[in-house]
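Student: I would like to go through this model step by step. Where should we begin?
Tutor: Let us begin with the sheet and then work outwards.

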Amino acid sequence: MLYKGLIFGFILIGLAQISKAQSGIVEVEKDSLINLLQEFRAENGINPTTARMISLGSKVVDKKSGKRVKVRGFRVQIFSGSSRSDAYAVQSRFQTSYKDIGSYVTYDEPNYRVKVGDFRSRSEATNFMRELRSQYSNVFVFTEDVWAYE
């Protein structure tokens, strides 16, 4: 009986301590330079705290007067394989058919990949992927940094 009373007492004391630990006020002290750093990072697109405006309509930009920048966008992969010569052959074949669309060869061990286009929206990339399906096998859309004019 005494043993049960001691166990019950320890449980009550433990619960009392836990309930005290849950009540209280949290003070947050924030350095004023943190706001300046967050604003700087948002302006320069480095882990922005505010969402960037995304245009749903196609915006025509003059390539001669526009500034070429890297933005998050989409590319269509038309080749993936271990042969470098095959990758460059596929890139050359694509460039003869689509002179105005950029093509890029990358090497991610052990495969070479050929990705094409600099699309800002997934729908543009998906439409182009559908067009390429008749010419290339295993065509996929990937999200990555692309070149765009602003």
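Student: In what order do the 4 strands of the open sheet lie?
Tutor: This is a predicted model, and the answers below describe that model. The sheet is open, and its pairing is antiparallel. Across the sheet, the strand order is E2-E3-E1-E4.

Student: Which strands stand at the edges, each with a single partner strand?
Tutor: An edge strand has a single partner, so one of its sides is left without a neighbour in the sheet. From one strand to the next, the twist averages 40 degrees. The edge strands are E2 (103-108) and E4 (140-149).

Student: Over how many bridges do E1 and E4 pair?
Tutor: Strand E1 covers residues 68-81, and its pairing with E4 is antiparallel. Val69 stands opposite Ala148 in E4. Phe74 has Thr143 of E4 as its bridge partner. The pairing of E1 with E4 runs over 10 bridges.

Student: Which residue in E3 is the bridge partner of Phe79?
Tutor: E1 and E3 run antiparallel, joined by 6 bridges. In E3, Phe79 is partnered by Val114.

Student: How many residues are in the hairpin that joins E2 to E3?
Tutor: E2 and E3 pair in the antiparallel sense, over 6 bridges. Within E3, Arg113 stands opposite Thr106. The hairpin from E2 to E3 goes through 2 residues.

Student: Is Tyr107 buried, partly exposed or exposed?
Tutor: Tyr107 sits in strand E2. The cut-offs are under 20% for buried and over 50% for exposed. Tyr107 has 44% relative accessibility, so Tyr107 counts as partly exposed.

Student: How far apart in space are Tyr107 and Arg84, C-alpha to C-alpha?
Tutor: In sequence, Tyr107 and Arg84 are 23 residues apart. In space, their C-alpha atoms are separated by 8.7 Å.

Student: What angle does the direction of helix H3 make with that of E2?
Tutor: Helix H3 (residues 84-97) packs on the sheet. H3 touches E1, E2 and strand E3 (111-119). Its direction and that of E2 make an angle of about 165 degrees.

Student: At what angle does helix H4 run to E1?
Tutor: Helix H4 comprises residues 122-132. H4 lies across E1, E3 and E4. Relative to E1, H4 runs at about 25 degrees.

Student: Is Thr126 buried or exposed?
Tutor: Thr126 lies in helix H4. A polar atom of its side chain is 2.8 Å from the backbone oxygen of Arg122. Burial requires a value under 20%. Thr126 is at 19% relative accessibility, so Thr126 counts as buried.

Student: Which residues have the most contacts inside the largest nonpolar core?
Tutor: The largest nonpolar core has 20 residues. E1, H3, E3 and H4 each supply at least two residues of this core. Those with the most contacts inside the core are Val76, Ile78, Phe94, Val116, Phe128, Leu132 and Tyr136.

Student: Which residues is Val76 in contact with, leaving aside its neighbours within four places in sequence?
Tutor: Val76 is one of the residues with the most contacts inside the core. Its contacts beyond those neighbours are Val114, Lys115, Val116, Phe119, Ala125, Phe128, Met129, Leu132, Val139, Phe140 and Val141.

Student: How many of the 14 residues of E1 are buried?
Tutor: For the chain, buried residues make up 23% of the 150 residues. E1 is mostly covered. Its count of buried residues is 10.

Student: How far apart are the end C-alpha atoms of helix H2?
Tutor: H2 (residues 32-43) has 12 residues, and at 1.5 Å a residue they should span 16 Å. Just after H2, Gly45 takes a positive phi of about 70 degrees. The model agrees with the expected span, with the end C-alpha atoms of H2 at 18 Å.

Student: What pattern does the chain follow, read along the sequence?
Tutor: The chain has 4 helices and 4 strands. Of its contacts between residues at least 6 apart in sequence, 69% join residues at least 24 apart. Along the sequence, the pattern is α-α-β-α-β-β-α-β.

Methods:
Residues numbered from 1 in each chain as written. Predicted model: local features only at pLDDT ≥ 70, side-chain atom pairs only at ≥ 80, totals over all residues. Heavy atoms only, no water. Pairing = 2+ DSSP bridges. Axes fitted to C-alpha atoms, helices over the stretch in contact; angles between N-to-C directions. Contact = heavy atoms within 4.5 Å. Buried < 20%, exposed > 50% of the residue type's maximum accessible area, 1.4 Å probe, protein only. Polar contact = N/O pair within 3.5 Å; in protein donor to acceptor, adjacent residues only side chain to side chain. Core = buried A, V, L, I, M, F, W, Y, C linked by side-chain atoms within 4.5 Å. Expected span 1.5 Å × (residues − 1).
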